[in-house]
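Thanks, everyone, for making the time. I would like to walk through one model this morning, going from pairs of charged side chains to a helix, a strand and two single residues, and then to the overall numbers.

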Amino acid sequence: MRNPQKALQKYGCPLNGKTVLVTGANSGIGYAAAVHFLMLGADLLLVCRSAERGQRATEQLQAQFPGSRIVLLLADLASNASITALAQNIAERGEKIDIFLSCAGVYYPSVTTTEDGLPMTVGVNYVSTVRLTEALLPAMHENTHIVLTTSLTDRFGRVCRAPKPGAHEGFRAYAESKLLLSAYICKKARLRGEKEPIFTVAHPGITATSLLDPAKTSHHPLFSKLGHAFLYLFTHSKEKAALTAIYAACHGQNGDCIGPRGLFGISGYPRRTQFCRNVRRQAARGSDPYIADAK
């Protein structure tokens with residue numbers, strides 16, 4: 001992205017004095033969004049799983065934005081206990097969240113089961129994201145923008161009616177997790193109560209992030225290298241991809257789905273789009289085999 005300041009003037013908004021919480025903030029779209037938020041003047045709460053990678057990201061951001069308030073918080077979304085501890089920590093700190101951006105997720109994970117016995121992909125990308133969102137609601141207000149990162153793959157998702165941990169942890173599970181996550185927001189927005197936050201989703205299109213990192217996935221290193229090379233050549237940068245989340249956080253209305261405006265939603269600057277029919281149908285059904293675990 002050649003001129004981030006110009007793009008942020010168009011798609012962002014002043015965030016001085018606003019507190020933004022970002023999960024998955026040490027790399028990829030989460031880190032790119034964190035940079036954008038700091039450029040807009042926000043106070044930043046970074047939620048990372050790895051203390052080492054989180055500290056490295058925090059130091060890089062502090063060097064780039066000296067004087068900004070940047071707080072590192074640790075949580076593992078593969079653990080319900082860790083999610084509960086994070087919510088309690090935020091409550092005890094007295095933080096009031098103005099924007100919540102969820103970017104944490106897994107794809108083809110090398111570990112196939114969460115600490116609580118759920119399939120890893122759906123467990124982290126959907127169930128734990130919902131758990132964290134619900135747990136953080138007391139720290140939010142009626143003008144808080146909730147932005148959950150979904151994916152174009154939600155239109156290909158099919159809900160597994162009898163899930164088995166480790167049975168399928170590839171594209172099918174990823175698409176299922178994003179379908180369920182999009183449907184959750186679609187339904188929450190429709191049923192939004194008085195003084196509840198604003199519920200939105202943003203999908204970044206297609207970009208090269210650490211989701212293909214062989215250290216985090218079961219991919220062969222050669223496949224990861226070739227995949228990254230293809231994505232860098234034919235898709236947009238993570239900095240540009242993160243603008244969909246920035247637009248949703250600054251200008252999103254309840255129930256909005258924000259995505260890139262380019263061909264098939266693969267790349268481009270952000271715009272309002274629509275939930276696909278697959279998501280709307282799942283939201284209307286209102287149930288899935290994980291729903292009891294998500295409450």
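E52 and R56 sit four residues apart in helix α3, which covers residues 51-64, and that spacing is about one turn of the helix. The two form a salt bridge in which the closest N and O atoms are 3.3 Å apart; please keep in mind, here and throughout, that this is a predicted model. As for their surroundings, E52 has a relative accessible area of 58% and is therefore exposed, the cut-off for that class being over 50%, whereas R56, at 41%, counts as partly exposed.

Which side chain does R69 meet in a salt bridge? The partner is E95, with an N to O distance of 2.5 Å. R69 belongs to the loop between α3 and β3, and E95 to the loop between α4 and β4, so this pair ties together parts of the chain that are 26 residues apart in sequence. R69 is partly exposed at 31% relative accessibility, while E95, with a relative accessible area of 7%, is buried.

A further salt bridge joins R272 to D256, with the closest N and O atoms 2.6 Å apart. Here too the pair links distant parts of the chain, since R272 is in strand β8, residues 270-273, and D256 is in the loop between α9 and β7, 16 residues away. R272 is partly exposed, its relative accessibility being 35%, and D256 is buried, with a relative accessible area of 11%. To return to R69 and E95 for a moment, salt bridges with shared partners join these two and R93 into one network. The structure holds six salt bridges, and I have singled out these few for discussion.

Let me turn to helix α1, residues 4-11, where A7, L8 and Y11 are buried. Looking down the axis of α1, one finds its buried residues within an arc of 100°, which means that they line one face of the helix. The face turned away from that buried side carries K6, Q9 and K10, which are exposed. What do the buried residues of α1 pack against? Their partners are α2, α9 and β8, and β8 is the strand in which we have just met R272.

Strand β5, residues 145-149, is mostly covered, with five of its five residues buried. In a regular strand, side chains alternate between the two faces of the sheet. In β5, H145, V147 and T149 point one way and I146 and L148 the other way, and all are buried. On the pairing side, β5 runs parallel to β4, and four bridges join the two strands. Within that pairing, F100 stands opposite I146.

Now to two single residues, beginning with S128, which lies in helix α5, residues 120-136. Is S128 buried or exposed? Its relative accessibility is 3%, and because anything under 20% is classed as buried, S128 counts as buried. The side chain of S128 reaches the backbone oxygen of L77 at 2.5 Å. If we leave aside neighbours within four places in sequence, S128 is in contact with L77, I83 and G123.

The other residue is H236, whose place is in the loop between α7, residues 221-234, and α8, residues 238-241. Although it lies in a loop, H236 has a relative accessible area of 8% and is buried. With neighbours within four places in sequence again left aside, the residues in contact with H236 include P204, G205, I206, T207 and P260, along with I266, S267 and G268. For S267, the separation from H236 is 31 residues in sequence and 5.7 Å in space, taken from C-alpha to C-alpha.

Finally, the overall picture. The protein has ten helices and eight strands, and buried residues make up 56% of its 295 residues. Among contacts between residues at least 6 apart in sequence, 74% join residues at least 24 apart, and the contact between H236 and S267, 31 residues apart, is an example of such a pairing. The accessible surface comes to about 13,400 Å², and 52% of that belongs to carbon and sulfur atoms.

Notes. Residues numbered from 1 in each chain as written. Predicted model: local features only at pLDDT ≥ 70, side-chain atom pairs only at ≥ 80, totals over all residues. Heavy atoms only, no water. Buried < 20%, exposed > 50% of the residue type's maximum accessible area, 1.4 Å probe, protein only. Contact = heavy atoms within 4.5 Å. Areas by Shrake-Rupley, 256 points an atom, 1.4 Å probe, with all protein chains shown as cover. Polar contact = N/O pair within 3.5 Å; in protein donor to acceptor, adjacent residues only side chain to side chain. Salt bridge = Lys/Arg side-chain N within 4 Å of Asp/Glu carboxyl O. Arc of directions from axis to C-beta. Pairing = 2+ DSSP bridges.
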